[in-house]
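Q: I would like to learn how to read a model like this one, feature by feature. Where should we begin?

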There are 4 protein chains.
Amino acid sequence: MMSEMQTKPRTPRSVLNRTLDNLASGWKRISQLGNTRVLKLRPNLPDSDLKKLKLQMQDCLESKGGEVSSRARAAGLGQAYLELNDEGRYRFFKLLAKEFGIDRGALESTARAYLENTDDPEIPETMRAVLRPPWIKLFTQFNALPSGIKFLVDMRADMLRLSKQRTGLEALNNDLKNLLISWFDIGFLDLKRITWNEPAALLEKVIEYEAVHEILSWEDLKNRLDRDRCCYAFFHPRMPNEPLIFVQVALVNGLSTNVGKLLDNSAPSEDPENADTAIFYSISNTQFGLRGVSLGDFLIKRVVADLIKTFPNLKTFSTLSPVPGFRDFLAQVLDKGYSDMLDDSEKLTLRQLLGGDSSDWLKDEEISRAAKPLLMRLCVHYLLNEKRGTGARDSVANFHLTNGARIEQINWLGDLSEQGMQRSLGLMVNYLYKLSDIEKNHEAYVGQGEILCSTPVKSLLKKTQ
Amino acid sequence: MMSEMQTKPRTPRSVLNRTLDNLASGWKRISQLGNTRVLKLRPNLPDSDLKKLKLQMQDCLESKGGEVSSRARAAGLGQAYLELNDEGRYRFFKLLAKEFGIDRGALESTARAYLENTDDPEIPETMRAVLRPPWIKLFTQFNALPSGIKFLVDMRADMLRLSKQRTGLEALNNDLKNLLISWFDIGFLDLKRITWNEPAALLEKVIEYEAVHEILSWEDLKNRLDRDRCCYAFFHPRMPNEPLIFVQVALVNGLSTNVGKLLDNSAPSEDPENADTAIFYSISNTQFGLRGVSLGDFLIKRVVADLIKTFPNLKTFSTLSPVPGFRDFLAQVLDKGYSDMLDDSEKLTLRQLLGGDSSDWLKDEEISRAAKPLLMRLCVHYLLNEKRGTGARDSVANFHLTNGARIEQINWLGDLSEQGMQRSLGLMVNYLYKLSDIEKNHEAYVGQGEILCSTPVKSLLKKTQ
Amino acid sequence: MMSEMQTKPRTPRSVLNRTLDNLASGWKRISQLGNTRVLKLRPNLPDSDLKKLKLQMQDCLESKGGEVSSRARAAGLGQAYLELNDEGRYRFFKLLAKEFGIDRGALESTARAYLENTDDPEIPETMRAVLRPPWIKLFTQFNALPSGIKFLVDMRADMLRLSKQRTGLEALNNDLKNLLISWFDIGFLDLKRITWNEPAALLEKVIEYEAVHEILSWEDLKNRLDRDRCCYAFFHPRMPNEPLIFVQVALVNGLSTNVGKLLDNSAPSEDPENADTAIFYSISNTQFGLRGVSLGDFLIKRVVADLIKTFPNLKTFSTLSPVPGFRDFLAQVLDKGYSDMLDDSEKLTLRQLLGGDSSDWLKDEEISRAAKPLLMRLCVHYLLNEKRGTGARDSVANFHLTNGARIEQINWLGDLSEQGMQRSLGLMVNYLYKLSDIEKNHEAYVGQGEILCSTPVKSLLKKTQ
Amino acid sequence: MMSEMQTKPRTPRSVLNRTLDNLASGWKRISQLGNTRVLKLRPNLPDSDLKKLKLQMQDCLESKGGEVSSRARAAGLGQAYLELNDEGRYRFFKLLAKEFGIDRGALESTARAYLENTDDPEIPETMRAVLRPPWIKLFTQFNALPSGIKFLVDMRADMLRLSKQRTGLEALNNDLKNLLISWFDIGFLDLKRITWNEPAALLEKVIEYEAVHEILSWEDLKNRLDRDRCCYAFFHPRMPNEPLIFVQVALVNGLSTNVGKLLDNSAPSEDPENADTAIFYSISNTQFGLRGVSLGDFLIKRVVADLIKTFPNLKTFSTLSPVPGFRDFLAQVLDKGYSDMLDDSEKLTLRQLLGGDSSDWLKDEEISRAAKPLLMRLCVHYLLNEKRGTGARDSVANFHLTNGARIEQINWLGDLSEQGMQRSLGLMVNYLYKLSDIEKNHEAYVGQGEILCSTPVKSLLKKTQ
């Protein structure tokens, strides 16, 4: 999945600590709503603290003192959570998972009752209530914190991170994900074009979150927001300075084949009114805690709609994308032999390409000349024929193909940056979004696993004699 | 429940038709996102149209052409819905209810599987999926309409209205309610003070929605937004000019006993800095389709917190409320005899009060003199001793007592308007919100059914000799 | 001049009193900037108070305690001014005029010095300083009041009003006018389209200030802001809720001939995208104190530019205007005999038209039939041939002709309202703004006094046999 | 004057070129208002172009085609101006100065007429008209350009710059200055606190314009906008992203003595609620073209008023200021001998201090020890006794003393930056703004040339034995 790969690794604690400041400042307001007892917990949440915590969770869930007080009490819980270290947070989650999950006994008896009377109109409703664990109510109550929704997104980031080494948080994580899917429904999000007129507090997030082609400085950012560049993002109304996902677009003439040129700060800016092509050259998810909440497809298509309206001369919409799994695939080809794909000289070339520093071979004209047809061919093979399930193995390819794009062009030496050479051996792909074909392409890909592709690309597959 | 009574009856169709205009204007934008086929349906949705409708619903649910196209298709469905009449809408709902509900067969087999292996960690999740009917997905897809959330609120208003005479929409209605409860969680709402500086498009809604003391004109509204008056409302970020619930407050000195004085446009406005008391004299729910989504408690307490901050001299927070069920109760007293409560002369007086025009008796000094102690006593009895379940029978009393208020004062001739005389025989009640007692009061009321009440009020219970 | 006639008579005191509230609330802020001594004056400003006033004016002018303190002191003066009655304000102005005007002695010696050395580059500058009376500095200092610019506009309204019966304020008034002309330069003003989404605090001003066709209610206003109607106004950034001048436009097909139809609330609204003609049917100056500050020409042309952009299908831009001086002219025709213009039967008809209630004659079919050709002919004569100086005598005609419009059409029974019958005997005129001819028309009119006019209108001049 | 010194040298052309882009984008809108003929001029404005230019200027001044057209024509002139080089601009100004100045003949005859009749009430008004040269009308017409006010400010920057080497623009410059003084009256400006939430397009101006202590990076800026730092600026409503003047304040405890500590990005931020002192450590004018428009005094006092309101615990308001003319003074002391001020060993020390690199002597403990009492004493002498006219010779001292501050403290090693050592030999001064004394101090300073000063500072004057 794209979101997984393209999200820059975050350090959730620092994010949470920023949240902490907001919380502190909002604290007085909240606590006026009820006689909140702030919970003092030690960072690693020893057993004695665990007991206190459990009691306060119960009070929240029983809405003791009324709904408003209960929210204030939840704010206290949230505050306490933020001061825990990783060990403490894991124990916090385990407590939730163990004590506030589904009542299995109740579920059993409801299931039994249903089987005795499958026509009963009420039992399914009861069953649903039983299947809704108390922790969901608790998550919801955190929502009333100042910055509560951001708190929950960051809490899920913690869950995901802690789940890498430890178990037991699966059901919890799943329920929080579903809650976030409901609250981050596309219908609630704002699409906004980000310009140099945006608050610095927002723009610094763009710099921080850009995951595909690093933004090196504020000047670099300003260049990416120049008149022949666009940046669009989705925002949640409760997280006004936090882009959820953003895409960067260059307005140019003809398909761009080289991302270095697009990012060159010294190039003059062009009049966007004259551009015929919009190149989507970077798309970044920003919130690790929103993993599994799919927004990229909507973003691309809403941006296309907005661009058409703003720049009526645009005719072509395409990406300029990396091939992140290409090197790994090439290594496999060598290892496993794929004996029928390569002849001996090709094997030799490939070995030379993968050995040494990632871009050394560029300097050797001979290898370089031999590399081009080989890599182009293998890349097309990789994109079209290597699968994960019924979809393309390459995560970026799979993302755009699912959205209804097709593979339009493979670009030799499209990304000479260290990362570009390392992961994709410099190759870049244009995925074309042709509006009239999007639905058809999507159905073909999702339904029959068929990958749409331009004729020139397809012809690269044939081994050059 | 308060919301039921205090919501002015709406004419949902006209509301929807306004939505219709918004939809039309947003239509092009949405339809660019996919090749939407607008569905043309006849208003009463005859059987042949029902078939077409079912097909398009299925396409939506299967996300044919991708998620984005699917949303566009849902927009087409929404557009078609708006052109249906009541009969058509009922048939629309019934189609949903019949064809897109829970798969009972799947539920049965999952229940069976669970009973065979109650330790299985996966089955509950499967069960939940089975219990989530397809219609929920469809509701969610409507959310991406321009004004989609308002569309859903209005659609639920239709459901509630149509459910009065016909059956079969219960489960549908319940699921839509739960969806709205999640989306209108207090954490997503904005509290805003409404002033004369608000857009006319918003203020006309306040005039339209005021349910307790009718706003007679724009001048009347302006008076209610004067410097010694406040109006606060909750807003959803996706419905910016639609207050969801609003409360009107007067800043005065001492408990107000008469609502007519508060509403008198010719009275001079006072400096709110000098006021010591905030009187909540009107609270109105505005969206019939949000019935069951409880916001009043939060509103009152958030407003109290904001008032404390803005006007630090305020010491007392109280309502001036009607007793909407009082006349009905008095009629019962006569009918059923409550023989031990009234002596013969009191019975006679009561008959005189309830016969004739609602305020005739005010002119007869003798009756009037006899009425006062009698009505005051019966009112206290009604509020304290007449129950519905474990709570107070009077809906307004129940609302404020649940919130943690107590009954502070009964006001003779507090509301001489026709409605006030008709429903409450002119009596009004001050419910006092004392911040330090709110939780305690709430627990006593909700836990033990105990109704808190000031000593002077309690003493009215004793029959005056 | 248009502005004179079309400005609704204001009651400046009530306007000032509103300002007073703002002042009071802004007072603390200002007074922190200096140790302001608030001046307490009696309403009619008796001689003893006059002395105190003079002293404080001198302190202001000498910037005692520094510029910031001086502004605070001026705020005190402004506050005191607001509490004066008409007599007091007149005396306030006279004091300014007498004590803080040009130093005539200094002027004389500078003039003498100049004549002795007409090449001196410095003397003109000195002369200008001498010619700049201290009162201008004082006016400028009021500008730092909260709502200071509005204060000055209202102060000038006072000056104009008081100048009607009394003398001595001419120079003062003239200097204040020039100051306002500089500060209300078109370059500082915002053109804004006013919609139903504007604050009520702004919209109530539109209702209050509309001078041509009275706005009867908020519903009437809403109708005039419907999708096929536009209202545009100029705003000063320091008077955000005060439109300075506004114009109302109807988007229709073909030239409108009847204003009653345009204002009919029960008529359905049309899709403005289909309109080919924009009818400017009302233009109102709002600030009496800005008399002589000319904004109407800019407003019309900026609105035309905005309409072209918003509704590209518009082809024709025209007014539907009253003929405010028509009845007065007709009365003169009868009085002075203009013997060669009318035959005897026409004289009789005209007498019948001008006698009795203004619209009685409409009911008499015979008179009515005779009236039409006569009034149409006299109206064209009035517009084309009756002059004030070199321009048209009719103020509305002069305004639009100066702007470069031409007389396109005279409409019989175009305004049946009481005012329309009273002033213009029901006639209305379309002045056409043809973009390509505006400069030429203006030059012809302003340069040679030539009034441009369509052929059909011109042909009406000929006496029908 | 402060403004002169503290304004960072600008490169007006690049500023104008930015304006150029805005102009281009606003061009179509303006040109719809009239049939503008864009003037094509060669950069150095040769004689033949000068003639064309003169004709268009005349058309503007005669308002040919009406006021609106005339403004459009002026826009054309402005556009043409922007494409001129320095030589061309100088010739542009000279043309204005020569052809569109005061009519000397008319002035002479008016002066003569006045002397013949010094009681005539009309002649002064005529004289004023004669004294108002046509170029003022032209300047005013530029105001209707998009960004017109910024255009005029930048045009004045050009005038000032070009006046350094050439003559003949004095009167022109003076009139433009007076126009700007009227339009940038404090009453029209907005005071705004600048936070990290401001648009990057605004914040980059702060970085660019900071004239006292350079802002090194965006991170440095962020630090200066942290919670215990404030930045305030005045804005003109027509130049929304252009601060006119801004001040930076640190909220601390006790008088700050060292600016390096204030600017240290690695220092933790403090809770501003606990601060008792506001230190104004930098104030920068940003617009070279506004030289002579005095805003600093208002800025400081409005900021003090705002700080008092926001942070009620603040008790002391003081600057931490450089002594920019100190080194120059010290050099004079040596040159001219001031023989009675220094003994021989002091002269030696002083020579050592002024020779070599500006901060070398700091490393030599012996010199350093000798330097302290000497420099402190000479600094006090410089501030108190060295005059320019009746005021202090040091521009920063003169600025704050005029505002009513007093000299509170001299800080040894207060600014160890290169610039600080170079200009002030590391000394910094606290000027104290004591609200209750401001008016008194100002009067004493401006009236009697008395410089207020704390006792400890005064005692430094005495030569230490």
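**A buried serine, one chain, and two interfaces**

A: Begin with a single atom pair: the side chain of C:Ser454 reaches the backbone oxygen of C:Glu408 at 2.8 Å. Keep in mind that the model is predicted.

Q: Where does C:Ser454 lie in chain C?

A: C:Ser454 is in the loop that runs between helix 20 (438-448) and helix 21 (455-460) of chain C.

Q: Is C:Ser454 buried or exposed?

A: The cut-off for buried is under 20% relative accessible area. C:Ser454 has 3% relative accessibility and therefore counts as buried.

Q: Which residues is C:Ser454 in contact with, leaving aside its neighbours within four places in sequence?

A: They are C:Arg406, C:Ile407 and C:Glu408. C:Glu408 is also the residue whose backbone oxygen the serine side chain reaches.

Q: Now a whole chain. How many helices and strands does chain A have?

A: Chain A has 21 helices and nine strands. Its C-alpha trace spans about 80 × 55 × 45 Å along the principal axes. Chain A has 465 residues, and 58% of them count as buried.

Q: What do the contacts in chain A say about sequence separation?

A: Take the contacts between residues at least 6 apart in sequence: in chain A, 74% of these join residues at least 24 apart.

Q: Why is helix 8 of chain A described as largely enclosed?

A: The reading rests on a count of buried residues. Seven of the nine residues of helix 8 of chain A are buried, so this helix is largely enclosed by the rest of the structure. The buried ones are A:Trp135, A:Ile136, A:Leu138, A:Phe139, A:Thr140, A:Gln141 and A:Phe142.

Q: What covers the buried residues of helix 8 of chain A?

A: The cover includes helix 3 (47-61), helix 4, helix 5 (86-99), helix 9 (148-162) and helix 10 of chain A. Helix 7 (123-131) of chain B is also part of that cover.

Q: That brings in a second chain. How many residues does the contact take from chain A and from chain B?

A: An interface can be read by residues, by area and by atom pairs. Here 61 residues come from chain A and 61 residues from chain B. The two chains bury about 5100 Å² between them, with 55% of it on carbon and sulfur atoms.

Q: How many salt bridges does the rule find across the interface of chain A and chain B?

A: The rule finds eight salt bridges there. One of the pairs meeting in a salt bridge is A:Arg73 with B:Glu439, at 3.7 Å from N to O. Across this interface there are also 31 residue pairs in polar contact, both residues being at pLDDT 80 or more.

Q: Which element gives the most to the side of chain A that touches chain B?

A: Helix 6 of chain A gives the most, with seven residues. By class, this side of chain A has 23 nonpolar, 17 polar and 21 charged residues.

Q: How many residues does the contact between chain C and chain B take from each chain?

A: This contact takes twelve residues from chain C and twelve residues from chain B. The buried area is about 930 Å², and carbon and sulfur atoms give 51% of that area.

Q: What are the polar features of the interface between chain C and chain B?

A: The rule finds two salt bridges across this interface. In one of them, the side chains of C:Lys222 and B:Glu204 meet at 3.0 Å, N to O. The count of residue pairs in polar contact is ten, again with both at pLDDT 80 or more. On the side of chain C that touches chain B, helix 11 (200-209) and helix 12 (218-224) of chain C are the elements giving two or more residues. Helix 11 gives the most, with four residues. By class, that side has six nonpolar, two polar and four charged residues.

Q: How are chain C and chain B related as copies?

A: Two copies of a chain are related by a rotation about an axis and a shift along it. A turn of 180° and a shift of 0.1 Å along the axis lay chain C on chain B with an RMSD of 0.2 Å. The two copies are thus related as by a two-fold rotation axis.

Q: Which residue of chain C comes closest to the rotation axis?

A: C:Pro199 does, with its C-alpha at 2.0 Å. Of the interface residues of chain C, 100% are also interface residues in chain B, so the copies meet through the same surface.

Key:
Residues numbered from 1 in each chain as written. Chains lettered and ligands numbered in written order. Predicted model: local features only at pLDDT ≥ 70, side-chain atom pairs only at ≥ 80, totals over all residues. Heavy atoms only, no water. Contact = heavy atoms within 4.5 Å. Buried area = accessible area lost by both parts, 1.4 Å probe. Salt bridge = Lys/Arg side-chain N within 4 Å of Asp/Glu carboxyl O. Polar contact = N/O pair within 3.5 Å; in protein donor to acceptor, adjacent residues only side chain to side chain. Nonpolar A, V, L, I, M, F, W, Y, C, P; charged D, E, K, R; others polar. Least-squares fit on C-alpha atoms with pLDDT ≥ 70 in both. Buried < 20%, exposed > 50% of the residue type's maximum accessible area, 1.4 Å probe, protein only.
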